[in-house]
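Dear colleague,

I am passing on the structure below, and after it I set out what came up when the cysteines and the backbone were examined. Please read the notes with the structure open beside them.

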Amino acid sequence: MIILVRGLTAAALTLPLIAAAPAVAESAVKERVSTTVAEAINALPVAKENRAGYKRSSFRHWIDTDKDGCNTRLEVLIEEAIEEPKVGPGCSLTDGEWHSYYDGKRTDNPRSLDIDHMVPLAEAWDSGASNWDAKKRERYANDLGSPRSLVAVTARENRQKADKDPAGWWVPAKGASCTYLVDWVATKTRWKLAADQAEKKALQARAAECPLTTRVSTDIAS
């Protein structure tokens, strides 16, 4: 089985890869899905989006679930660093280095990075999260149980993406396209979120550009 890992180009997909275990698993696991990305896209339920009643505050995030002094944002920065940072008082991070796979840029300044919800909070609301209770929305917004749910990227790219789905925005780094596709589809699959027609069409078009062996492998959260 081949699992697409962030930062790898399509040429690297011929190598068998082992997905890294997440630092913290917060969401209860019921089942696991492992299939081709094309099949995973086809399996996404189709529904019209509805943003009525959405407020960002409906998703409590950047909490310190394990009470170690590092909130979700900082946990992601520690986990995704390509050069391990020193963790100081108050979970201050120094001497680390990060790679923003959206645009291929590197930085040693964690303050220049945003933690992107792969499927933005507003998009999640539109796609089914409006029916969840507050606790489930909190689990979603702080999902450290999958390395695909949250990603450290340059603030500029995160703000360019904003709350757009793949019909409105796509990762600019050419070598990251298939990775972003898998991350998006895996997150929607993990949380059983729907896609609208335009989004699904965009995903199918992107999947056609990736190797047929590209797979989505994710636990289903509750």
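In what follows, a residue is called buried when its relative accessible area is under 20%, exposed when that area is over 50%, and partly exposed in between, as computed with a 1.4 Å probe on protein chains only. The model is a predicted one, in which local features need pLDDT of at least 70 and side-chain atom pairs count only at pLDDT 80 or more, while totals for chains, interfaces and linings use all residues. Residues are numbered from 1 along each chain as its sequence is written, and side-chain values use heavy atoms, with hydrogens and water left out.

The disulfides come first. Taking a disulfide to be a pair of cysteine sulfur atoms within 2.5 Å, a search of the whole structure finds two, and with bonded cysteines counted along the chain their pattern is 1-2, 3-4.

One disulfide is formed by Cys70 and Cys91, with an S to S distance of 2.0 Å. The torsion about its S-S bond is about 100°, so this disulfide is right-handed. Helices (H or I, at least four residues) and strands (E, at least two) are DSSP runs numbered from the N terminus; in those terms, the pair links distant parts of the chain, 21 residues apart, with Cys70 in the loop between α1 (37-43) and α2 (72-80) and Cys91 in the loop between β2 (86-87) and β3 (93-94). Both Cys70 and Cys91 are buried.

The other disulfide joins Cys178 to Cys210, with 2.1 Å from S to S, and the torsion of -110° about the S-S bond makes this link left-handed. Here too the pair links distant parts of the chain, 32 residues apart: Cys178 belongs to helix α6 (residues 177-190), whereas Cys210 lies in the loop between α7 (197-207) and β8 (215-221). Cys178 has a relative accessible area of 10% and is therefore buried, and Cys210, at 7% relative accessibility, counts as buried as well.

Then there is the backbone. Most residues other than glycine have a negative phi. Cys91, although not a glycine, has a positive phi of about 60°, and because its relative accessibility is 5% it counts as buried. Lys67, also a residue other than glycine, has a positive phi near 60°; Lys67 lies in the loop between α1 and α2, and with 68% relative accessibility it counts as exposed.

With best regards
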